[in-house]
Amino acid sequence: MSEERFGEFVLVRRHGQVAELVLDRPKAMNAVSAEMARSIVAACAALSADREARVVVLTSSHERAFCVGADLKERNSMTDAELVRARPLSRGAYTGVLELPMPTIAAVHGYALGGGFELALSCDVIVADGTAVVGLPEVSVGVIPGGGGTQLLPRRVGAARAAELIFTARRVEAAEAHELGLVDQLVETGQDRDAALALAARMAGNSPVGLRAAKRALRLGHGLDLRAGLEVEDAAWRTVAFSGDRAEGVAAFNEKRKPEWPGE
């Protein structure tokens with residue numbers, strides 16, 4: 001297993017074809033400061049360009065929190081002009097995760113609030129343990145979710161449910177979060193990271209070309225009418241139909257062996 005650090009607060013660990021993006025600011029429960037946002041942007045840019053990384057798992061180094069959201073202490077010290085200048089960087093951290101081209105899994109334990117929950121929502125699948133507490137409490141401090149929450153949450157749970165959760169600013173504990181669809185898999189306490197890495201390893205055994213194309217079709221087709229969505233799917237299919245991965249996958253199936261994906 002290799003490691004690469006991006007700034008002081010973000011670490012990328014390699015588990016073969018699975019990359020683990022670790023939020024590593026434990027003294028602040030992974031509150032996203034400007035410096036941490038810059039590191040997330042850099043790590044996501046590197047991962048996006050890495051053809052060896054087939055799946056990314058987003059984890060936390062803090063025992064009691066995934067991420068508590070924006071660093072409000074830092075925000076409190078900013079002038080209006082500084083806040084405006086910081087916005088593109090902050091936004092870039094969330095879109096960096098959202099736009100990773102390969103499948104992404106969030107491993108959540110403890111608090112995932114505000115921007116912390118938005119980082120998880122930016123992933124394709126959320127695995128949580130029994131200690132997880134999620135929510136978008138931004139209106140309770142005079143702002144709104146600004147890391148994609150107003151758009152990503154209704155896509156998960158529907159408009160009315162998202163409105164209730166955002167307008168009340170309430171925190172939702174693990175069992176209810178799973179029942180409402182705020183998280184996808186609920187696992188035993190302390191097992192979120194292991195479960196997410198195991199799921200990632202299962203995904204990573206499949207064609208990297210296929211994985212990226214399938215994610216592209218899922219993301220681009222969401223919200224379109226069926227006819228337009230099928231056109232998106234067809235365009236994604238055409239990118240894989242004549243690929244080396246497709247040729248290898250068909251050959252391996254017929255020869256009853258494990259495929260060795262060329263990844264192109």
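This note covers the pockets, the cavities and two helix packings of a predicted model.

1. **Largest pocket: size and centre.** The largest pocket has a volume of about 890 Å³. Its lining runs to 35 residues. Nearest the centre of this pocket lie G69, A70, L72, R75 and V143.

2. **Largest pocket: who builds it.** Three elements give two or more residues each to the lining of the largest pocket: α2 (72–76), α3 (80–98) and α4 (115–121). The largest share is that of α3, with 7 residues. L72 and R75, listed among the residues nearest the centre, fall within the 72–76 range of α2.

3. **Largest pocket: chemistry.** The lining of the largest pocket splits into 17 nonpolar, 9 polar and 9 charged residues. R75 is one of the residues nearest the centre.

4. **Second largest pocket: size and centre.** The second largest pocket holds about 700 Å³ of space. It is lined by 23 residues. Closest to the centre of this pocket are L98, D124, K215, L218 and R219.

5. **Second largest pocket: who builds it.** Two helices, α5 (149–157) and α9 (208–221), each supply at least two lining residues. Which helix gives the most to this lining? The answer is α9, with 8 residues. By class, the lining of the second largest pocket has 13 nonpolar, 2 polar and 8 charged residues.

6. **α5 against α6.** Helix α5 packs on helix α6 (residues 159–168) at an angle of about 130 degrees. The two axes are 7 Å apart. Angles over 145 degrees count as roughly antiparallel and 65 to 115 as roughly perpendicular, so α5 and α6 are oblique to each other. The crossing of α5 and α6 is right-handed.

7. **The α5–α6 contact.** From α5 come G149, T150, L153, P154 and V157. They meet A159, R161, A162, L165 and I166 of α6. The contact residues divide into 7 nonpolar, 2 polar and 1 charged.

8. **α9 against α10.** Helix α9 packs on helix α10 (residues 226–241) at about 165 degrees, with the axes 9 Å apart. That angle makes the pair roughly antiparallel. Here too the crossing is right-handed.

9. **The α9–α10 contact.** On the α9 side are V209, G210, A213, R216, A217, L220 and G221. On the α10 side are V232, E233, A236, T239 and V240. By class, the residues of this contact are 7 nonpolar, 3 polar and 2 charged. Helix α9 thus appears in this contact and in the lining of the second largest pocket.

10. **Cavities: the largest.** How many cavities of 30 Å³ or more are there? The count is 2. The largest cavity has about 80 Å³ of space. Its lining consists of V32, S33, A34, A37, E74, R75, M78, A86, L89 and S90. Elements giving two or more of these residues are α1 (34–48), α2 and α3. Of these, α3 has the largest share, 3 residues. The class split is 6 nonpolar, 2 polar and 2 charged. R75 lines this cavity and is also listed among the residues nearest the centre of the largest pocket.

11. **Cavities: the second largest.** About 50 Å³ of space lies in the second largest cavity. F117, G135, L136, L153, L165, I166, R170, V172 and L182 line this cavity. Among them, L153, L165 and I166 also take part in the α5–α6 contact. This lining has 7 nonpolar residues, with 1 polar and 1 charged.

Conventions: Residues numbered from 1 in each chain as written. Predicted model: local features only at pLDDT ≥ 70, side-chain atom pairs only at ≥ 80, totals over all residues. Heavy atoms only, no water. 1 Å grid on protein atoms, 1.4 Å probe; cavity = no way out; pocket = protein on both sides within 12 Å on 5 of 7 lines; lining within 4 Å. Points joined across faces, edges and corners; volume = space filled by probe spheres on them. Helix = DSSP H or I, 4+ residues; strand = E, 2+ residues; numbered from the N terminus. Nonpolar A, V, L, I, M, F, W, Y, C, P; charged D, E, K, R; others polar. Axes fitted to C-alpha atoms, helices over the stretch in contact; angles between N-to-C directions. Parallel < 35°, antiparallel > 145°, perpendicular 65-115°, else oblique. Left-handed = near helix turned anticlockwise from the far one by under 90°. Contact = heavy atoms within 4.5 Å.
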